[in-house]
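Colleague: I am new to this structure and would be grateful for a close look at a single part of it. Please take the aromatic rings as the subject and explain how they are placed.

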Amino acid sequence: MPTEGISKQSTTHPCSTHAPHHRWEVELVGNQPALPGRLASVECDSQCDCACYALEGDEVPLLSAPISFYLELTPDCNNRCPGCGNTFVPRGGRARGGRQARPLDAAGWRRIVDRLAPHALRLKLTGGEPTLHPEFEDIVAEVASLGIPFTLFTNGRWQRPARTVCLLHEMDGCQGLLVSLHGATARAHEAFSGVAGSFAETLATVRLAIAGDLPVSLSCVITRWNWRQVDDMLALARRLHVESVVFNRYLGPGLPHLVVSDGQFAQAASRVARLRAAGHPVKLGNCLPTCFLDTGQAGCLAGLAFFSVDPWGRVRPCNHAPVICGNLLESTVEEIWGSPELEAWRSSVPAGCATCPMLPTCRGGCRAQAMLLGLPADPLIQKALPLRRTTPERVAFYREARPVGLFEWRQEAFGSVLMHGNRLLAVAPDQEVALGLLDGSRTLHEIESTCGPRALSLIANLYHDGMVEFLT
């Protein structure tokens, strides 16, 4: 059933208008054709370390409230990454939360989660290293008791690995782990983690989690130590039996001993994109300007569909962004969502991107990286791309197949927003009747007879994004 949206009027944001669905011409046939590939075959629920989402629709207004939240449970971490993505951690220094500020305890996080619960379709629990929070088990139990699906983003270096695996396995809402592994060798990983022996320790936890029936994906920041290891990381992932590997761009100030050149990054990212297009379980995580490299993946929805909450309850558009938009101990989700700081974040479109036809998908690159470097725009932005002509894609489906929706559904003023994994899809009100028929009781032919050919195009989109499966 759809979750009720907030009554606040939605506004359309310049980065989220005119983002087209894929256009499909669907033919219903009497035999079962080989189904086309889909993004779901290489997507994972946990995704990248900055929680980028893909949102598509004929016109995508600003959501009335976020649907996903990134919770940084603690500043404590047992890795010493020189390229740490937490903005509350000075490079090479100790975490800060203000003079004598103490991170939230379980009771504080309970207040935060209770405020988020009416809006949340998904949570990501991280830190620091989230399992180091002294009341981690209580916080996870609170999230699970509210029925909110969550992913744990972790370095895998746990104090009590077997106990933690058992805890997470027992939680119905746990959708898996996203484990930081920054290379296919100990040398590459530990150049980033800063801790000798951390590679073997992380691998041991991954194996234990998989043996405990927990879905695992890997998150790898591309550095000068691993940029040639994309294929090696994929091979390691297959040996470990993890679900996917997410390769992320390093975000933060330049560190000469760590950061790759633009050319080296482009080579690594292009290899990931080619593997992904061939159906391998890899993807690029945090956003890239399409003019730098067209990977076919959408940009980030920080401040448009999700925000981050730091260990003191402060809200930022994403975990990499230094701008603070409010505190959930003092303000409601709705108040922060409409704050001047978030409005300014949303309206910050680079001048060179304003006329680019890819802006609705690319969304102007990474705002957080521009802020961290003190630049007016993402440094990878090149120039506006020419207008592209698109033609409908063609697909054949078995006419007697019965589609079943795999998405969560929330109503908005503009229609509905669907979510599955890291995929979001905006659907106009006149298509909601078709959504209600995706319960496996009706064939594609029957749905077409009731709702017309546009419903088949919608179903093709949903299938492409892993939001529908077919019963035959």
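Modeller: In this predicted model, a suitable place to begin is Phe307, which counts as buried because its relative accessibility is 0%, under the 20% limit. Across the whole structure, a search finds six aromatic pairs. One of them joins Phe307 to Trp337: the ring centres lie 6.1 Å apart and the planes meet at 50 degrees, which makes the pair tilted. Phe307 belongs to strand β10 (residues 306-309) and Trp337 to helix α8 (residues 333-337), so this pair links distant parts of the chain, 30 residues apart. Trp337 is likewise buried, at 0% relative accessibility. Together with Phe69, the residues Phe307 and Trp337 form one aromatic cluster.

The strand that carries Phe307 also has a place in a wider arrangement. Strand β10 stands between β3 and β11 in an open sheet of 10 strands with mixed pairing, in the order β9-β8-β7-β6-β5-β4-β3-β10-β11-β12. At the edges of this sheet are β9 (282-284) and β12 (326-327); each has a single partner strand, so one side of each is left without a neighbour in the sheet.

Another aromatic pair is formed by Phe397 and Tyr463. Their ring centres are 5.8 Å apart, and the pair is edge-to-face because the planes stand at 75 degrees, over the limit of 60. Phe397 lies in strand β13 (residues 393-398) and Tyr463 in helix α14 (residues 453-464), so the pair ties together parts 66 residues apart in sequence. Phe397 is buried, with a relative accessible area of 2%, and Tyr463 also counts as buried, at 8% relative accessibility.

Key. Residues numbered from 1 in each chain as written. Predicted model: local features only at pLDDT ≥ 70, side-chain atom pairs only at ≥ 80, totals over all residues. Heavy atoms only, no water. Pairing = 2+ DSSP bridges. Helix = DSSP H or I, 4+ residues; strand = E, 2+ residues; numbered from the N terminus. Phe/Tyr/Trp six-rings, centres within 6.5 Å; stacked < 30°, edge-to-face > 60°. Buried < 20%, exposed > 50% of the residue type's maximum accessible area, 1.4 Å probe, protein only.
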